Amino acid sequence: MSDLLGSILKNMTPPPSTQTKESIQRKRELRKLETAEKKRRDEYIRDIENKVEAFILGKDREYKFEPVDKEWRAIQHDVAETAKLFSMSCWGENREKYVLIIKKEYLPDDEGLKRLLSTRLWKA
């Protein structure tokens, strides 16, 4: 009986593929784009970590990052938090947001922090 079933299964053709050459090619291209984006993100994170490390070792009290999109600002905040630094998003010229990091030992008191925040926020 098992020989009969085995011979039937061997003679059967597999079902037709639902993937076309174009869809396979699209998946490959998507994988390449995802890999490139991950590499770009990892390089950006390393760059931010290097800047934060140089800032910590330097004498400056605060460091202003270049204006970037929300996703990249979130990474800057995460790296600053990991390094135990104070960070905040501020409005720059042309209504572009940037991240400002300050060493915690140089943070002003509550009133000074309110003044700092009010001078760094964009006003219409």
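These legends go with several views of a predicted model.

**View 1. The whole chain, four helices and three strands.**
Reading from the N terminus, the elements come in the order α-α-β-α-β-β-α. The C-alpha trace spans about 85 × 35 × 25 Å along its principal axes. For 124 residues, a compact globule would come out with a radius of gyration near 14 Å, whereas this chain has 27 Å. Just 21% of the 124 residues count as buried. Even so, 56% of the contacts with a separation of 6 or more link residues 24 or more positions apart. As for the surface, the chain exposes about 10,100 Å², and carbon and sulfur atoms supply 53% of that area.

**View 2. A nonpolar patch on the surface, with L9 as one of its members.**
Which residues form this nonpolar patch? They are L4, L5, I8, L9 and M12, and together they have about 510 Å² of accessible area. Zoom in on L9 and you are in helix α1, which covers residues 2–11. L9 counts as exposed because its relative accessibility is 54%, and the cut-off for that label is over 50%.

**View 3. V52, a buried residue of helix α2.**
Helix α2 takes in residues 21–57, and V52 has its place there. Is V52 buried or exposed? V52 has a relative accessible area of 2%, so it falls under the 20% limit and counts as buried. Leaving aside residues up to four places away in sequence, V52 touches F65, V79, A83, L85 and I101. A80 is worth picking out too: A80 and V52 are 28 residues apart along the chain, yet their C-alpha atoms are separated by 7.1 Å.

**View 4. R73, a buried arginine that has no salt bridge.**
Look for R73 in helix α3, residues 70–82. How far away is the nearest side chain of opposite charge? That side chain belongs to D69, and it is 5.9 Å from R73. A salt bridge needs a side-chain nitrogen of Lys or Arg within 4 Å of a carboxyl oxygen of Asp or Glu, so at 5.9 Å the pair of R73 and D69 doesn't make the cut. What does R73 touch, then, not counting residues up to four places away in sequence? The contacts are V68, S89, K97, Y98 and V99.

Definitions and conventions:
Residues are numbered from 1 along each chain as its sequence is written. This is a predicted model: local features need pLDDT of at least 70, side-chain atom pairs count only at pLDDT 80 or more; totals for chains, interfaces and linings use all residues. Side-chain values use heavy atoms; hydrogens and water are left out. Patches are made of residues with over 30% relative accessible area and no salt bridge: like charges are joined within 9 Å, nonpolar side chains (Val, Leu, Ile, Met, Phe, Trp, Tyr) within 5 Å. Accessible areas come from the Shrake-Rupley method with a 1.4 Å probe; for residues, only the protein chains shown count as cover. Helices (H or I, at least four residues) and strands (E, at least two) are DSSP runs, numbered from the N terminus. Buried means under 20% relative accessible area, exposed over 50%, partly exposed in between (1.4 Å probe, protein chains only). Lys and Arg count as positive and Asp and Glu as negative; His and the chain ends are not counted. Contact means heavy atoms within 4.5 Å. The radius of gyration is taken over C-alpha atoms; the globule rule is 2.2 Å times the number of residues to the power 0.38.
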